[in-house]
Amino acid sequence: MTLLETQGLTKHYAAGRGFGRAHVVRALSDVSLTLDARETLAVVGESGCGKSTLARCVTGLVEATSGALLIAGEPARDLLRRDPMGFRRSIQMVFQDPYSSVNPRRRVADTVADGLRLHKIVPRARRRDRVLELLGQVGLSAEHLGRYPHELSGGQRQRVAIARALAVNPSIIVCDEPVSALDVSVQAQVMNLLADVQRERGVAYLFISHDLALVQHIAHRIAVMYLGQIVETGATAAFRRHLAHPYSRSLFAAAPRIGKPREKPVSLLEGDVPSPLDPPSGCPFHTRCPHAEPRCVAEMPDLRPVHDRLVRCHRAEELWDHGVPSAASGPVPVFAP
C-alpha cells in the first residue's frame, strides 16, 4: 500500500529583488516519489540539493508552490482542510538537531505527552503510563520523566524526539538527518532503534541523509537528488550492483571505503554546484558532467525507466551499456538490517 506520494512537487522561494528583477530560489523542481508501508526510502545528495525542503513540504511545514502530495491516496490539501489533526497524526518528523528540536523549558514527560494531550489519544489519568511505555520503547526509563533536555545526552534527546513522534501512532515518519549530530556509537543505537520500531509498528520512513554508507544498510530504496531534482531512484540492492546516472557515480565514489580497495579509478565531481537562483539550462548537471553533449545543454531530460530504476539522463542507456560498476562503498555493517 502506498502511504505517501508526491507528483511533480515544486517549491520556489522569493529571494528579493536585484538589478531590477525579482529572484527566485528553485529549491524543488518536479519531484515525484512514492513511499509504501513498512518501507524506508532514503533521499541523498549534496548539501543544498533540496532534501530538507522536501521533508518540510511532505510534512506540511511549508506549502509547495505546485504539484500534488497524496497521503494514503488522498490529496494532502483536502485532508488538511477536512481533518488537519488527522494529517498531523499520520505523518511526523524527527529533526536533525536534538539540541534545538526539543523545548529546553519543558520536562521530558511534558514533551512526550503533548501529542497525547493535543490529539486526545488517551485519557488524562492514563497519560503518564502511556508516556512511560513510549520512553521504554526508545530505551529510556522513569528516571528521565522529570529531566530537562540539558540534563540529557545528545542520543537521549534524540530518543525523546522519536518517542514524541511515536506518541500519535503515525504511519509515516520523516527523518531529516536524525543522527548526523550524534557520535558514531550513538548513531548505531538510534538507527537500531528506528529499525526495531519499523518491525514492531510497520512505520514507513522517508529518511533524509548525506551518509551514503548508512543508507545502503537501512534503506529499501534510494533516491538521489541534485539541484532540487530526483536524478536516479531504485532499489538499494540495485544501487549496490550498478549506478546509472553520472552524478550518482561520482557521489557514491566520493564516499569513504573501509576495508575494500577501489577496483578502478573513478572520476570525482569538479566545480561547484550551480546556484538554485540561476540553474543551468537543459540538464542541471551538464556543467559538471564528463559525458555532457549539446542535447544536454538545450533539453531537460525526463525521469524515465532504465532497466531496474528511474534515471534522469539523456545518455542513460548508452552509459549503462558501457558496464560501469557501482562505486558504492562496502563498509562492515554496524546497523540492524
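Questions on a predicted model

Modeller: This model is predicted. Glu-39 sits in the loop between strand 2 (21-36) and strand 3 (40-44).

Colleague: Is Glu-39 buried or exposed?

Modeller: Buried means under 20% relative accessible area. Glu-39 has 9% relative accessibility, so Glu-39 counts as buried.

Colleague: Which residues is Glu-39 in contact with, leaving aside its neighbours within four places in sequence?

Modeller: Contact means heavy atoms within 4.5 Å. With the sequence neighbours left aside, the contacts of Glu-39 are Thr-34, Gln-198, Val-203, Ala-204, Tyr-205, His-220 and Arg-221.

Colleague: How many residues of helix 1 are buried?

Modeller: Helix 1 covers residues 51-58 and is mostly covered. Its buried residues are Lys-51, Thr-53, Leu-54, Ala-55, Cys-57 and Val-58. Of the eight residues in helix 1, the number buried is six.

Colleague: Which residue just after helix 1 takes a positive phi?

Modeller: The phi in question is about 80 degrees. The residue that takes it, just after helix 1, is Gly-60.

Colleague: Why does Lys-51 have no salt bridge?

Modeller: Lys-51 lies in helix 1 and is buried. A salt bridge needs a side-chain nitrogen of Lys or Arg within 4 Å of a carboxyl oxygen of Asp or Glu. Lys-51 has none because the nearest side chain of opposite charge, Glu-177, is 4.3 Å away.

Colleague: What does Lys-51 touch, not counting residues up to four places away in sequence?

Modeller: Glu-177 is one of the residues touched, as the cut-off for contact is 4.5 Å. The full list for Lys-51 is Val-43, Val-44, Gly-45, Glu-46, Glu-177, Ile-208, Ser-209 and Met-225.

Colleague: Which residues of strand 6 point the other way from Ile-91 and Met-93?

Modeller: In a regular strand the side chains alternate between the two faces of the sheet. Strand 6 spans residues 91-94, and all of them are buried. Ile-91 and Met-93 point one way, and pointing the other way are Gln-92 and Val-94.

Colleague: Which residue in strand 7 stands opposite Val-94?

Modeller: Strand 6 pairs with strand 7 (residues 172-176) in the parallel sense, over four bridges. In strand 7, the residue opposite Val-94 is Cys-175.

Colleague: Why is there no bond between Cys-296 and Cys-283?

Modeller: A disulfide requires two cysteine sulfur atoms within 2.5 Å. Cys-283 holds the closest cysteine sulfur to that of Cys-296, yet this is too far for a bond, at 6.0 Å.

Colleague: How many disulfides does a search of the whole structure find?

Modeller: A disulfide is a covalent bond between the sulfur atoms of two cysteines. Across the whole structure, the number of disulfides found is zero.

Definitions and conventions: Residues are numbered from 1 along each chain as its sequence is written. This is a predicted model: local features need pLDDT of at least 70, side-chain atom pairs count only at pLDDT 80 or more; totals for chains, interfaces and linings use all residues. Side-chain values use heavy atoms; hydrogens and water are left out. Buried means under 20% relative accessible area, exposed over 50%, partly exposed in between (1.4 Å probe, protein chains only). Helices (H or I, at least four residues) and strands (E, at least two) are DSSP runs, numbered from the N terminus. Lys and Arg count as positive and Asp and Glu as negative; His and the chain ends are not counted. Two strands pair if DSSP finds at least two bridges between them.
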